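Trainee: I should like a close look at a single part of this molecule, taken slowly and with every term explained. Please begin with one cysteine and work outward from there.

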Amino acid sequence: MKPILYIVIPCYNEEKVLPITSKIFLDKLKELIEKELIHENSRILFVNDGSKDQTWEIICKLAEEESFFMGISQSRNRGHQNAVLAGLMEAKDQCDITISIDCDGQDDIMAMNRMVEEYLEGAEIVYGVRSKRATDTFFKRVTAEGFYKLLNWMGAEVVFNHADYRLISSRVLKEFAEFKEVNIFLRGMIPLVGFKSTCVYYERLERMAGKSHYPLKKMLALAFDGITSLSIKPIRMITGMGIFVSFCSFIGVIWSVVIQILGKTVAGWASMTSIICFIGGIQLICLGVLGEYIGKIYLETKARPRYIISERTKEKQGDSKCLNE
């Protein structure tokens, strides 16, 4: 039996690129149906992440004009990861497989054919992996690849050069729904579910229109969330650093006592100031890292919802229209 596919597309202020890429996604969905790789009940699900432009209005219009389009809108902007999660959870009971992909057209949609084929051959998760980053700036390429290496070194299980372009079966999503973390980093959490997985490689393209909504600040925040959500190694590093500094301090105490006994003490504020500043800096860094983990524990204990759907497009007698929840 042919699987029902839902293509999940998070959107945030995408009014410039959405009219362009929506046609590309629709053509790809129809192509997969014509090739009998997926069922005709497959759909394209847009997730509006609290956009401030006309993104939601465009999604509603697309849903009215074409039955293959659907949409849900979050009550406010909650970030890319929560938008993807909202779409996946919305789709998991209505389809057999999902493919999450960004709206900007940079991820090669031709890879979807191979993803579906890998699923039909038994894979429950298929990761879209960038074979190269020719379209990225030197700074972004170096920092991004360094981030993946850092995560692996920290003990987090992530797929190198994989972002959020992936196929996931509904079976995996139903198990993933049991993960209740408020702070989520999907590219590190999905591998934790297990099941058979494989990779499909593709070349990343230029953005078709508009501008990226992931400036350096957001990239750094996502990276830090990934590290602190998936690994406790920073805390262990603090413990090791504390032991090392304590050992050095103990040696310093013995040295100062010996110098005092020998009567060779020299008054000098520079060395004392340097030592105090060094130890003080180490302490502040350690407190900052510990505070980050404590803050995440605080948010997790509140168990606030990770997303809230305020509106969705609904099909009624063959037509789609926007409805308030």
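Mentor: Cys95 is buried, with a relative accessible area of 7%. Buried means under 20% relative accessible area, exposed means over 50%, and partly exposed lies in between, with a 1.4 Å probe and protein chains only. Another cysteine, Cys199, counts as partly exposed at 25% relative accessibility. A disulfide is a covalent bond between the sulfur atoms of two cysteines. Here a disulfide is taken as a pair of cysteine sulfur atoms within 2.5 Å, and by this rule the count comes to 0 disulfides.

Some conventions apply throughout. This is a predicted model, in which local features need pLDDT of at least 70 and side-chain atom pairs count only at pLDDT 80 or more, while totals for chains, interfaces and linings use all residues. Residues are numbered from 1 along each chain as its sequence is written, and side-chain values use heavy atoms, with hydrogens and water left out.

Let us turn to the strands. Helices (H or I, at least four residues) and strands (E, at least two) are DSSP runs, numbered from the N terminus. Two strands pair if DSSP finds at least two bridges between them. Strand β5 (residues 125-132) is mostly covered, 6 of its 8 residues being buried. With strand β6 (residues 162-169), β5 pairs in the antiparallel sense over 4 bridges. Within this pairing, Tyr127 stands opposite Arg166 in β6, and Val126 has Leu167 in β6 as its bridge partner. β5 also pairs with strand β7 (residues 197-203), in the parallel sense and over 7 bridges. There, Val126 has Thr198 in β7 as its bridge partner. Val126 thus has a bridge partner in β6 and another in β7.

The strand β6 is itself mostly covered, with 8 of its 8 residues buried. Strand β4 (residues 97-100) is joined to β6 by 4 bridges, and the two run antiparallel. Ile99 has Leu167 of β6 as its bridge partner, and Leu167 is also the bridge partner of Val126.

Arg166 leads on to the charged side chains. Side chains of opposite charge can pair when their charged atoms come close. A salt bridge is defined as a side-chain nitrogen of Lys or Arg within 4 Å of a carboxyl oxygen of Asp or Glu, and the structure holds 6 salt bridges. One of them links Asp164 with Arg166, the closest N and O atoms being 2.7 Å apart. Both Asp164 and Arg166 are buried. Elsewhere, salt bridges that share partners join Lys28, Glu31 and Lys35 into one network. Within that network, the side chains of Glu31 and Lys35 meet at 3.0 Å, N to O. Glu31 is partly exposed, with a relative accessible area of 22%. A further salt bridge brings together the side chains of Lys92 and Asp93 at 3.2 Å, N to O. Its two members differ in cover: Lys92 counts as buried at 15% relative accessibility, whereas Asp93 is exposed, with a relative accessible area of 56%.

Helix α3 (residues 80-91) contains Val84. Val84 is buried, with a relative accessible area of 1%. Between Val84 and Asp102 there are 9.2 Å in space, C-alpha to C-alpha, and a separation of 18 residues in sequence.

The aromatic rings offer another view. Rings of Phe, Tyr and Trp (its six-membered ring) pair if their centres lie within 6.5 Å; planes under 30 degrees apart count as stacked, over 60 as edge-to-face and the rest as tilted. A search of the whole structure finds 3 aromatic pairs. In one of them, the ring centres of Phe46 and Phe69 are 5.5 Å apart and the planes stand at 35°, so the pair is tilted. This pair links distant parts of the chain, with Phe46 in strand β2 (residues 43-48) and Phe69 in strand β3 (residues 69-74), 23 residues apart. Both Phe46 and Phe69 are buried. Phe176 and Phe179 form an aromatic pair that is stacked, at 5.4 Å centre to centre and with 25° between the planes. Phe176 is buried, its relative accessible area being 2%.
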